[in-house]
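Work through the following exercises with the model in view, and compare each solution with your own reading of the strands and side chains.

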Amino acid sequence: RLPQLTDVPRNEASNGGANTRGDNANISLRGMGSGYTLILLNGRRVAPAPLVSSEAGIPALSVNVNQLPVRGLARIEVLRDGASSIYGSDAIAGVVNFITDQSYRGTEVRMRFGAPEHGKGQTIQASLTHGMDFANGRGRLLMVIDAFHRDPIFMRDRDFSASGYHSPA
C-alpha cells in the first residue's frame, strides 16, 4: 500500500505472454523499472533471473521474486528512498529486503484448493516449510517447498466468449 510501489508485481499480465515466462514477477519501486530496485535476502543481494524483459522499450535484468520463499518470512523491509550511494546503481529506486524467520523450528504443511463458480481453472497449491538446527546449534536450516498448479480457462469455456457471433436471434 505504499505509493512508491507502482505496477507491482510485474508479470505476464503487464508484459504480455510472449515477452517473459509466466513464472517471472519483479518489483518496480516508483515506476522506474525493476532493474533499478535492489532485492536482498537477509541483507544479501539476490542474483537476477536469466530472463530479459522489456520495460518501456528498455531491456531489464531483474530479480524474480517468485523464487523467494513465501513461508518462513519474518518481515519484508522496504527502503523507499534511493540507496545508490550505499548499494550502487541498481538501488536508484530503493531496496526491498526479505528477512527469513531465524527462530522457526518444526514442520508445517499447507494445502489449498480453489475452483471457480463456472468450472475450469481449478487451483491446487501446496507448501511444506521445515526449520531445524544442526551441528549442535551452530547451523540452521530453513527449507520451503512450494507447488502451484492452475488449470487453464480458455475463451471457449465461458458463454460470453465462446463465440464471436453476438447478433440477436
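**Exercise 1.** Determine in which sense β5 and β6 pair, and over how many bridges.

*Solution.* β5 and strand β6 (residues 94-100) pair in the antiparallel sense over 6 bridges, where pairing requires that DSSP finds at least two bridges between two strands, and strands are DSSP runs of E with at least two residues, numbered from the N terminus. Within this arrangement, arginine 75 stands opposite isoleucine 99 in β6. The model is predicted, so that local features need pLDDT of at least 70 and side-chain atom pairs count only at pLDDT 80 or more, whereas totals for chains, interfaces and linings use all residues. Residues are numbered from 1 along each chain as its sequence is written, and side-chain values use heavy atoms, with hydrogens and water left out.

**Exercise 2.** Place these strands in their sheet, and explain why one side of β2 and of β5 is left without a neighbour.

*Solution.* The open sheet consists of 4 strands in the order β2-β1-β6-β5, with mixed pairing. Because β2 (44-45) and β5 (73-79) stand at the edges, each has a single partner strand, and one side of each therefore lacks a neighbour in the sheet.

**Exercise 3.** Locate phenylalanine 134 and classify its accessibility.

*Solution.* Phenylalanine 134 belongs to strand β8. Its relative accessible area is 42%, and it is classed as partly exposed because that class lies between buried (under 20%) and exposed (over 50%), with a 1.4 Å probe and protein chains only.

**Exercise 4.** Find the ring over which the charged end of arginine 156 sits.

*Solution.* The ring is that of phenylalanine 154, whose centre is 4.4 Å from the charged end of arginine 156; the criterion is NZ of Lys or CZ of Arg within 6 Å of the ring centre and within 35 degrees of the ring normal.
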